[in-house]
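Please look through the structure below and follow how its helices pack against one another. The text after it explains what to look for.

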Amino acid sequence: MGCSTAAASADRPTGRAPTLGLVLSSGAARGAAHAGALIALQERGIEPQVVVGTSVGALVGGAYAAGMTPERIVERLAALTWSDFGRPRPNRTLALIETTALRTNLDWILGHRAIENLPRRFGAVATDLRTRRAVLLDSGDAATAIQASIAVPGVFPPVRTDGRTLVDGVLTSPLPVWAAHRLGATRTIAVRLRPQTPPGARASVQRMVLPPAEVIEPDLDIVIDTGGYSSWSARDVDRLVTLGYETTAAVLREVDLDELLADDLPACGCPTDHRAARAAS
């Protein structure tokens, strides 16, 4: 069916503002760059309604979705030590680290809330060990969802919830643009850290031979080169925040934000070519 413009002069629809989704990639400790990216987005007045992330992207994105400011996220990341995640396990058959401290910190950041009760729509992506596929966690306890998304095999124990055994989402979906669309985003901005997978996790991917999740390109892809920075230490947090901020700010200066965030529907109420292309893909 086509679009009729016959009644446009009598009662012209004004179009619908897009639902903006922010997608934060995996990247281990190099995820501090995400906090810098959030500051740059905030300075340009960009406020996503949907936030999704994998691994450290879920950690930073979850804090942001819970209402923590980017500046406060930077402060929290700079203060992190391994003791904030847990302590070495006496029995290391499943993981090196026991994560009681991590759970306590997540509960504090998220206020013991369910995902449905966060100020922004949020989803964390993990990997289901039984099905070997990506799982979008978009309801229920927020801390459990993030803990599952960052459960690096061999480092943190798997998270068991709703009959599933879940580990780090990096194994199947390091940049889950598909998840943002599933939560209602019609436009997406992705912050992609390269390399996305730290050496240990990359070896796990190769051993498990997991099928990747659906790959969808974002409307705006912000790529931050974090090569050479530590994957497992907080020593580079300040430099990574600066890198994330400067890279994102530079990309945004070259983008027509009015076009990116334009109404999803033109005056006649028809889908735009942009939306039609996505629906057909």
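H2 and H3 are oblique to each other, because the angle between them is about 135 degrees and angles that are neither under 35, over 145, nor 65 to 115 degrees count as oblique. This is a predicted model. Helix H2 covers residues 56–65 and helix H3 covers residues 70–79, and their axes are 10 Å apart. The crossing of these two helices, H2 and H3, is right-handed.

The residues that make this contact can be picked out on both sides. H2 contributes Val60, Ala63 and Tyr64, which meet Pro70, Ile73 and Leu77 of H3. Sorted by class, the contact of H2 with H3 has 6 nonpolar residues, with no polar and no charged ones.

A second pair of helices can be read in the same way. Two packed helices are described by the angle between their axes and the distance between the axes. For helix H4 (residues 100–110) and helix H5 (residues 142–149), the angle is about 130 degrees and the axes are 9 Å apart. That angle makes H4 oblique to H5. H4 passes H5 in a right-handed crossing.

Which residues of H4 meet H5? They are Leu102, Arg103, Leu106, Asp107 and Leu110, and on the H5 side they meet Ala142, Ala143, Thr144, Ile146 and Gln147. By class, the contact of H4 with H5 has 6 nonpolar, 2 polar and 2 charged residues.

H4 deserves a further look. Its buried residues are Leu102, Asn105, Leu106, Asp107, Ile109 and Leu110. What covers the buried residues of H4 includes H2, H3 and H5. Just after H4 comes Gly111, which takes a positive phi of about 70 degrees.

The next step is the nonpolar core. The largest nonpolar core has 56 residues, and those that touch the most other members are Leu22, Ile73, Leu110, Phe122 and Ile189. Two of these names have come up already: Ile73 in H3 is part of the contact with H2, and Leu110 in H4 is part of the contact with H5.

Phe122 shows what such a residue touches. Leaving aside neighbours within four places in sequence, Phe122 is in contact with Val51, Ala58, Gly61, Gly62, Ala65, Ile115, Leu137, Asp138, Ile146 and Leu183. Apart from the largest core lies another core, of 13 residues, including Trp178, Ala179, Ala180 and Leu183.

Note on methods. Residues are numbered from 1 along each chain as its sequence is written. This is a predicted model: local features need pLDDT of at least 70, side-chain atom pairs count only at pLDDT 80 or more; totals for chains, interfaces and linings use all residues. Side-chain values use heavy atoms; hydrogens and water are left out. Axes are lines fitted to C-alpha atoms, for helices over the stretch in contact, and angles run from 0 to 180 degrees between N-to-C directions. Helices (H or I, at least four residues) and strands (E, at least two) are DSSP runs, numbered from the N terminus. A crossing is left-handed if the near helix is turned anticlockwise from the far one by less than a right angle, and right-handed if clockwise. Contact means heavy atoms within 4.5 Å. Ala, Val, Leu, Ile, Met, Phe, Trp, Tyr, Cys and Pro count as nonpolar, Asp, Glu, Lys and Arg as charged, and the others, Gly among them, as polar. Buried means under 20% relative accessible area, exposed over 50%, partly exposed in between (1.4 Å probe, protein chains only). A nonpolar core is a set of buried Ala, Val, Leu, Ile, Met, Phe, Trp, Tyr and Cys residues joined through side-chain atoms within 4.5 Å.
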